[in-house]
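Let's take a walk through this one together. Have the sequence and the model open side by side, and we'll go from one cysteine to the metal site and then on to the cores.

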Amino acid sequence: MKIAFLSESPADEAAIRVLTEAVLGQSIEVHAPLKLRARGWPSVLNLLHAVISSLQYETDVDGLVVIVDSNGTPLHKQEKPIPCDPHCRLCQLLVRRDCTLSQLRPRAGQASIRVAIGLAMPAIEAWYLCGKYQDVGECLSAEQMAENRLRTTRKRLKVRAYGTDVLPMQLLTQKAVEYSNGLAASLAMLEARFPIGFGGFAAQIKSWR
Ligand SMILES: [Zn+2]
């Protein structure tokens, strides 16, 4: 299965490759880095339509994996119709994905591209630290957000994960892969602590098997 990745940084992409392979339970072929590369949240959303279309028509990629940080935006509410909240990043991506997929022309000899989307609450470092700290998880993050401590929370996550809140991309990527390799053996815990942002993502990936 050939898969492409779209997220906010090369370090995030490296981590998500490892996690995607672990959830799928089979090795994947990674599509070459996208010509359209996103850096930060707005560019992931803005590029999504173009990236899906280009992969559908110009490549033989089977699936696209998209992960973003929630940062200060609300946690996705699964029980509500989409969008659950106009500021929910997951809903914004799901709406754009579904709109794009509904417009695609079929491709000859291959099923249409599939797109799985996940949301790291409040940042992917929270996934890395899952199981290492009791105050890391989606619900607790929501409480911390309500107290307007998000900035502190994000900084503390980075310091806990990397020993500093500023690290060169190469080292960030190395750390991201190390953490993800550890998480690959604890997927059930990650799904339990992050049932919406990671659990929902894992369910989409499992449907590709
Ligand atoms: Zn939502």
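Is C99 buried, partly exposed or exposed? C99 is partly exposed, with a relative accessible area of 39%; on this scale buried means under 20% relative accessible area, exposed means over 50%, and partly exposed lies in between (1.4 Å probe, protein chains only). C130, on the other hand, counts as buried at 4%.

A word on the ground rules. This is a predicted model, where local features need pLDDT of at least 70 and side-chain atom pairs count only at pLDDT 80 or more, while totals for chains, interfaces and linings use all residues. Residues are numbered from 1 along each chain as its sequence is written, and side-chain values use heavy atoms, with hydrogens and water left out.

Back to the cysteines. The structure holds zero disulfides, a disulfide being a pair of cysteine sulfur atoms within 2.5 Å. C99 is in none, and the nearest cysteine sulfur to it, that of C91, sits 15 Å away.

C91 has another job to show you: together with H76 (ND1), C84 (SG) and C88 (SG), C91 (SG) coordinates the zinc ion, at 2.1 to 2.3 Å. Donors here are N, O and S atoms within 2.8 Å of the metal (3.2 Å for Na, K and Ca); water is not among the atoms, so sites may look incomplete. Along the chain, the donor residues follow the spacing H-x7-C-x3-C-x2-C. H76 lies in the loop between β3 (63-69) and α3 (89-103), and C91 lies in helix α3, 15 residues apart; helices (H or I, at least four residues) and strands (E, at least two) are DSSP runs, numbered from the N terminus.

Why is the arrangement tetrahedral? Because the four donor atoms subtend angles of 102 to 117° around the zinc ion, and four donors count as tetrahedral if all angles lie between 85 and 135 degrees. H76 is buried at 8% relative accessible area, and C91 is buried at 0%.

Now for the cores, meaning sets of buried Ala, Val, Leu, Ile, Met, Phe, Trp, Tyr and Cys residues joined through side-chain atoms within 4.5 Å. The largest nonpolar core has 35 residues, and V65, W127, Y128, L190, F194, F198 and I205 touch the most other members. Helix α1 (residues 10-24) supplies the largest share of this core, six residues. A second, separate core of 27 residues includes L34, I52, L90 and I113.

Terms used: Tetrahedral: all angles 85-135°; square planar, octahedral: opposite > 155°, others 65-115°.
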